[in-house]
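Q: Please take a close look at the loops of this model, with backbone geometry and side-chain exposure. Include a charged surface patch as well.

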Amino acid sequence: MNFDRKIVISFAAVFSVLLGVYLYTIAPTVSLWDCGEFIACSHILGVPHPPGTPLYILLGRIFDILFPFKEVAKRINFLSASSAALAGAILYLVILKVMSRFKENKGEKHLLGTHLIAIFSSIGAGLCFSVWDSSVEAEVYALSILILMLGLWLTLHWSEHLRDKGNNNYLLLLIYLLALSIGVHLLPLLLIPGVFVFLILINWKVLKDSRLIGIVLTLALIGVSTYFVLMIRAHANPAINEADPTTFAKLWDVFSRKQYGKMDLFPRHTSWETNLGLIPAFFEQLKVFFKYFSWQFLPYPRTNTGVLLRYISLFSTYMYVLIGVWGMWIHFKKDKESFWLFFILYVLLTLGLVFYLNHEFSPSDPNPAHQPREPRERDYFWGPSFFLFMFYVSIGLYWIWGWIKQRSSRYAWSGIILSGVLGIIPFISNINSHANRRGNWIAHDYAHNILVGPDEYSIIFTYGDNDTFPVWFLQEVKNFRKFDPERKKGVRLGNFSLMNTNWYVKQLKWSGVPIDFSSPFVGTRFAAEYNRDKRSGRTHKSFEEWIIDTLPAGTKTSDGRVIELKDMAVRSIILSAIGRKPSVGDLFMKLDLFVEKYVNNEDFNPSINIYFSSPTPAEYRNAFGGHLLQEGYSYKLVKKRVRFKSNREKMWDLVQNKFKYSYYDNFRARIESRAQITALASQAVTLLTFANEVFSDIYPDLFNDEITENNRDTLKMLQSLFNKIYIYIEDENFFLHTAADLIEAQKLICQKLESYDEQLKLMNSFLRVKDVPRLRLLRGELLIMKARNTGNSEEAKNMFALAEDDFNKLFSLKGWKLFAYKGLIELYVSSGEEEKLENVIDELVKDQRAFSDVFMLLERDDIESAIELIKRLKNRFPADEHLNEVLDSLRVRRH
């Protein structure tokens, strides 16, 4: 097929449209999960987590150097964006190549309709939710899709030039490309079985060419050689050097992902706690895949929607499925050779991955019995399959267009319009999803706020990817609070997950963290074994390095406890920091006894400040809790028992001057990702813990007729803090557990400061951006308060009407009905709307549990409304003496 002008223009159009969308929605900085690590490693040529992805790191470094974006992270995010845009453009070429193989198109130039179908389908492929989501951040999946598309194009191109001299060079390039892809991700290797079958069907003799096979093996070795970059860089000891692959054995451990244990196919992980059989457990995993498939084109069921959009989503998703499956059948009928190339790849990218990955249940599974669950949604693994499915949709659309054209050429355009609609629907559906990272600085701010809290020369223990990788990004790319033991500056991370590996414990030691694994084992059998190895030449390591390499990830004590390597490392760091040489007994001591002996001690004055990130694991929270002082997003280990109190002066400085609140300042950022909701909630908990502590201290003074100027200033700062907390709690379940306290605090502060107008203006500005129930709830409560205090009855009536609308909209939302009842009772008591109040109470008394809960909310927040509720209940049940007692109690409290 010649690349005529129409093809060149169409190729450029697909690339430009996708790249334009990606650039508009690209993450402006670091994102959560692996992105921070990939960006940092690209910038410093470090060694990321197994399997290492050396080619991705090298390409990331090239993009870091070449592209002029001010933010380094955006340069490497652009690697994903440009890869996915190019993959979409190549898919357009692949679709044309396959259609050229159809009998009716052989030797003919494609009609405009064929080009348009290929264009719209390719754009739709690039805008599938999971594809788009991976294309705007520093991840490996967009580049993997590009390699797959290039592989398909090369395979088809080879089959078109069988009689040309040197046509096998296309196969050699394909093999080299696939070998290189190992340095990005293993997904592109799934192309190999389909290519093998395709070669047999087209020209099986090529597989007997020994010279060609020899070149193939050589090229494969050359392609895989990118892994030697990891070994070279490991010897340079970069700041991020995961698994420290300095030898061939360690390099193989990285490649084979030894750190994560063996990939087991049986039993299925969905059967661990459910006791499901093999087939039912596998079926549950298939359901997870199909759920992720249903996320791609329309909002529901990925997000909650109204009833109409829900039905539109379901209908449209089924339409994609039917057209795509029909496209598979048409492909099989029209060209069996290329059918097997694509179909085998598609089966491996779908059912094959479901079987091989053996995932646990999805985190968003509504069934509480479905345990255990993955730490995050894993839809990105199937992104290539969703992308490829649009190829089948294009074949189905091509058939529909041809079918209409055969029957009435006048209406052939309707098939093209259908193609355009199916191509544009993913854009309309996903532009307001989490795939749109425009203005999203959540991960960046989260990392900044973690780092800004600890004192100079500190170690902070973190627990997962999201409180570690973005922090690495800030330290290595932006040089923010980078650890410098010689000048006693900066912060060193101690990741609990990695501290169970020998190489990471050694790196902590080498980086300047005080840690001693030598003293405990001097004079033990370990020392004798080391000396024998030293004399025989089996080791050239120091005794301490040899000890660390020898220790297992977990050791069972005589009383049945398991002490993990990380636990020993924490004890060793604490003891080394206070100038004590640890003994074996110290390393294996029960944690509460260890704390009592060494921390709850006047001599506890560590040379390096020791912090635990929030939220702290239960074991450490229980043992160290009395000695943890809140300083920002972490807790400092101190000798004085403080019961989780805060360093008040430092917290005020952090909250007012040093923390970043970009999500509060740019509420437009799209939040769907559970990880981002968790990151925001973690920050909200930190702020809420401090705010509640301050509010509790000032609370008794709020009932005085006059408040002091100092208390007024404190209330203003608390109001600003509570507003941020209100915005940051995107997790509705978390909010509903804290709503009563938050609303009570907000209302009381607003009443004392008489700041109704300011607060309502703020709520209105947020609601114009996002109509979320927690904002409607607070606005409704504030409107009632302001209406009660206004002298203008018409203005009060308008406020009551707006509040009524806010509360009514909460009724249909799960979990919000109690607050809606409470709000309406307050509203109708205040507005004097007797009939409406009676109707609400009539509904409420039908549910005794709901009535009790609503009464408790009113009792703590609005005594007058609670009294009115009980009085009206007493009218219904005059013989109930208990109601008299409740009423008397409420009246006493009112006075």
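A: The loops come before the patch in what follows.

This is a predicted model, in which local features need pLDDT of at least 70 and side-chain atom pairs count only at pLDDT 80 or more, while totals for chains, interfaces and linings use all residues. Residues are numbered from 1 along each chain as its sequence is written, and side-chain values use heavy atoms, with hydrogens and water left out.

Cis peptide bonds are taken up here. Tyr 300 and Pro 301 are joined by a cis peptide bond with omega near 10°. Pro 301 sits in the loop between helix H13 (278-294) and helix H14 (307-334). Helices (H or I, at least four residues) and strands (E, at least two) are DSSP runs, numbered from the N terminus. The bond from Gln 371 to Pro 372 is cis too, with omega about -5°, and Pro 372 belongs to the loop between helix H15 (336-357) and helix H16 (383-407).

Asn 440 is placed in the loop between helix H17 (413-430) and helix H18 (442-452). With a relative accessible area of 4%, Asn 440 is buried; buried means under 20%, exposed over 50%, and partly exposed in between (1.4 Å probe, protein chains only). The Asn 440 side chain reaches the backbone nitrogen of Ile 442 at 3.1 Å.

The loop between helix H19 (469-477) and strand S2 (491-495) contains Asn 479, and Lys 488 is found in the loop between H19 and S2 as well. Asn 479 is not a glycine, yet its phi is positive, about 55°. Lys 488, also not a glycine, has a positive phi of about 55°. Asn 479 is exposed, at a relative accessible area of 53%, and Lys 488 is partly exposed, at 47%.

The charged patch is negative and is formed by Asp 880, Glu 881, Glu 885 and Asp 888. Patches are made of residues with over 30% relative accessible area and no salt bridge, with like charges joined within 9 Å and nonpolar side chains (Val, Leu, Ile, Met, Phe, Trp, Tyr) within 5 Å. A salt bridge is a side-chain nitrogen of Lys or Arg within 4 Å of a carboxyl oxygen of Asp or Glu. Of the patch residues, Asp 888 is placed in helix H39 (residues 881-894). Asp 888 is partly exposed, with a relative accessible area of 44%.

Note on methods
Areas by Shrake-Rupley, 256 points an atom, 1.4 Å probe, with all protein chains shown as cover. Lys, Arg positive; Asp, Glu negative; His and termini not counted. Charge placed at Lys NZ, Arg CZ, Asp CG, Glu CD. Polar contact = N/O pair within 3.5 Å; in protein donor to acceptor, adjacent residues only side chain to side chain.
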